[in-house]
Amino acid sequence: MMELLCRKCPDDAPAVPVYGFDDLEEEKVDEMVTVVRVLRQRLPIQDRLVKMKIVKNCFSASEMVEVLIHQFDCGRKKAVEMGKQLARRHFIHHVFGENEFEDGNHFYRFLEHEPFIPLCYNFRGSTNDREPKSATLISQKLGKIMSAILESYASEDGCCLDYLGISNSEEFRRYVNLTQELQRVDISTLTASERLAFFLNLHNAMVIHGVISVGHPGSAIIDRRSFNSDFLYVIGGSPYSLTAIVNGVLRNNRRAPYSFTKPFGSDDKRLELALPQVNPLIHFGICNGSKSSPPVRFFTSQGVEPELKFAAREFLQRDGIQVDLAKRTVRLTRIFKWFSADFGQEKEMLKWIIGYLDATKAGLLSHLSSDGGTVHIAYQNYDWSINC
């Protein structure tokens with residue numbers, strides 16, 4: 001090591017990564033921004049009565065087509081195609097989500113005029129007009145920035161975070177800037193494994209952002225539900241809460257614990273991004289900012305499956321399960337109770353757990369499960385206090 005340290009660094013060696021500063025890359029303005037700026041100035045944006053409802057800040061397709069024809073000296077067909085491009089890039093949306101863009105008496109609004117936009121914490125007064133980066137690139141940047149934050153502001157086991165330190169860090173400033181790139185990103189281009197890593201990482205990052213911005217929800221059920229449903233990002237033109245990410249996307253649109261409705265309705269466009277099947281391992285990769293939660297982690301799209309398996313083993317071997325052979329009782333983390341639909345019936349659940357235990361605990365649990373006697377399952381108390 002001393003010999004290596006004494007050598008001069010080669011001129012062609014890569015630069016040392018500096019996590020606290022923005023990437024020196026050229027920001028490209030979306031080629032449709034010129035069109036959007038003209039439309040923002042020329043269109044009669046106003047509240048209208050549409051289908052017996054007052055719809056705010058909208059305009060009709062025919063009005064937009066006429067402005068495009070006049071301002072850009074093009075034919076109607078070309079103007080309609082420009083409208084479709086604007087819709088695909090999430091500059092405009094149909095007020096009821098009925099179509100992408102059609103000429104005629106259909107009504108649309110700009111993304112910045114959507115009712116949910118002021119509630120989104122990755123919106124800063126105006127939408128991001130830069131050319132959207134690929135979802136893969138944004139996902140990689142997100143993972144790198146948040147991993148750098150963990151390296152500097154998390155305990156060695158990832159169970160405790162220094163939220164004050166994070167809030168004042170350059171890495172967190174970079175993360176907040178990066179979240180604006182999510183506004184018009186196209187997530188549909190991601191594979192299933194890439195989508196899994198993307199939403200796991202985004203959820204855990206949003207929890208950290210939420211605790212810093214609005215405070216930790218504590219143990220009150222009402223406050224936790226409010227935190228999970230009201231802390232929003234606009235992603236690909238649609239609003240996503242923590243509940244929408246976990247139960248809508250990661251759990252294939254299953255009901256949240258103690259909820260009577262699914263996160264996404266049958267006509268919700270976000271339903272297209274839901275993972276095709278539920279992987280119960282996700283529950284050991286999701287951190288909710290509490291002490292009984294699994295440690296905060298960030299995953300790679302290439303290794304998300306083995307990384308989740310490692311997370312499950314580590315959590316269960318540490319304190320996720322306790323086996324009392326004398327009382328024939330297995331005490332489990334309440335994660336298994338809340339999301340029992342993802343793990344199966346009790347026998348199936350215990351069999352699944354065995355695969356993630358060390359030899360000692362696995363042997364005890366196998367003995368209890370196979371000797372024909374009754375196995376009592378109890379659930380540990382959950383500590384909802386902040387993980388700091």
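Me: Which residue in strand 8 does Ile-321 stand opposite?
Reply: Strand 7 (residues 321–324) and strand 8 (residues 329–332) run antiparallel and are joined by four bridges. Two strands count as paired when DSSP finds at least two bridges between them, and strands themselves are DSSP runs (E, at least two residues; helices are H or I, at least four), numbered from the N terminus. In strand 8, the residue opposite Ile-321 is Leu-332.

Me: What am I looking at, and which residue in the hairpin of strand 7 and strand 8 takes a positive phi?
Reply: It's a predicted model, with residues numbered from 1 along each chain as its sequence is written. Local features need pLDDT of at least 70 and side-chain atom pairs pLDDT 80 or more, while totals for chains, interfaces and linings use all residues, and side-chain values use heavy atoms, leaving out hydrogens and water. The hairpin has four residues between its strands, and the one with a positive phi, near 50 degrees, is Arg-328.

Me: Which residue in strand 9 stands opposite Val-330?
Reply: Strand 8 also pairs with strand 9 (residues 376–379), in the parallel sense and over four bridges. Strands of a sheet pair through backbone hydrogen bonds, either parallel or antiparallel. Across from Val-330, in strand 9, is Ile-377.

Me: Which strands stand at the edges of the open sheet of four strands, and why is one side of each left without a neighbour?
Reply: That sheet has antiparallel pairing and the order 1-2-4-3. Each edge strand has a single partner strand, so one side lacks a neighbour in the sheet; the two are strand 1 (46–50) and strand 3 (92–94).

Me: How many degrees does the twist average from one strand to the next?
Reply: For angles like this, axes are lines fitted to C-alpha atoms (for helices, over the stretch in contact), and values run from 0 to 180 degrees between N-to-C directions. In the sheet with order 1-2-4-3, the average from one strand to the next is 55 degrees.

Me: What is the bridge partner of Ile-92 in strand 4?
Reply: Strand 3 and strand 4 run antiparallel, with three bridges joining them. Ile-92's partner in strand 4 is Phe-110.

Me: How many residues apart are Phe-59 and Phe-110, the pair that links distant parts of the chain?
Reply: The whole structure holds 19 aromatic pairs (rings of Phe, Tyr and Trp, its six-membered ring, with centres within 6.5 Å; planes under 30 degrees apart are stacked, over 60 edge-to-face, the rest tilted). Phe-59 and Phe-110 make a tilted one, 5.3 Å centre to centre with 45 degrees between the planes. Phe-59 sits in strand 2 (residues 53–60) and Phe-110 in strand 4 (residues 107–110), so to speak a long hop: 51 residues.

Me: Is Tyr-108 buried or exposed?
Reply: Tyr-108 forms a tilted pair with Phe-101, at 5.0 Å and 40 degrees. Buried means under 20% relative accessible area, exposed over 50%, and partly exposed in between, using a 1.4 Å probe and protein chains only. Phe-101 is at 2%; Tyr-108 is at 0%, therefore buried.

Me: Which ring does the charged end of Arg-270 sit over?
Reply: The test is NZ of Lys or CZ of Arg within 6 Å of the ring centre and within 35 degrees of the ring normal. Arg-184 lies over the face of Phe-91, 3.9 Å from the ring centre. At 5.8 Å from the centre, Arg-270's ring is that of Tyr-240.

Me: How many Å separate the centres of domain 1 and domain 3?
Reply: An automatic or database domain assignment sets the bounds, giving domain 1 (32–114), domain 2 (135–309) and domain 3 (316–379). Taken over C-alpha atoms, the centres of domain 1 and domain 3 are separated by 57 Å.
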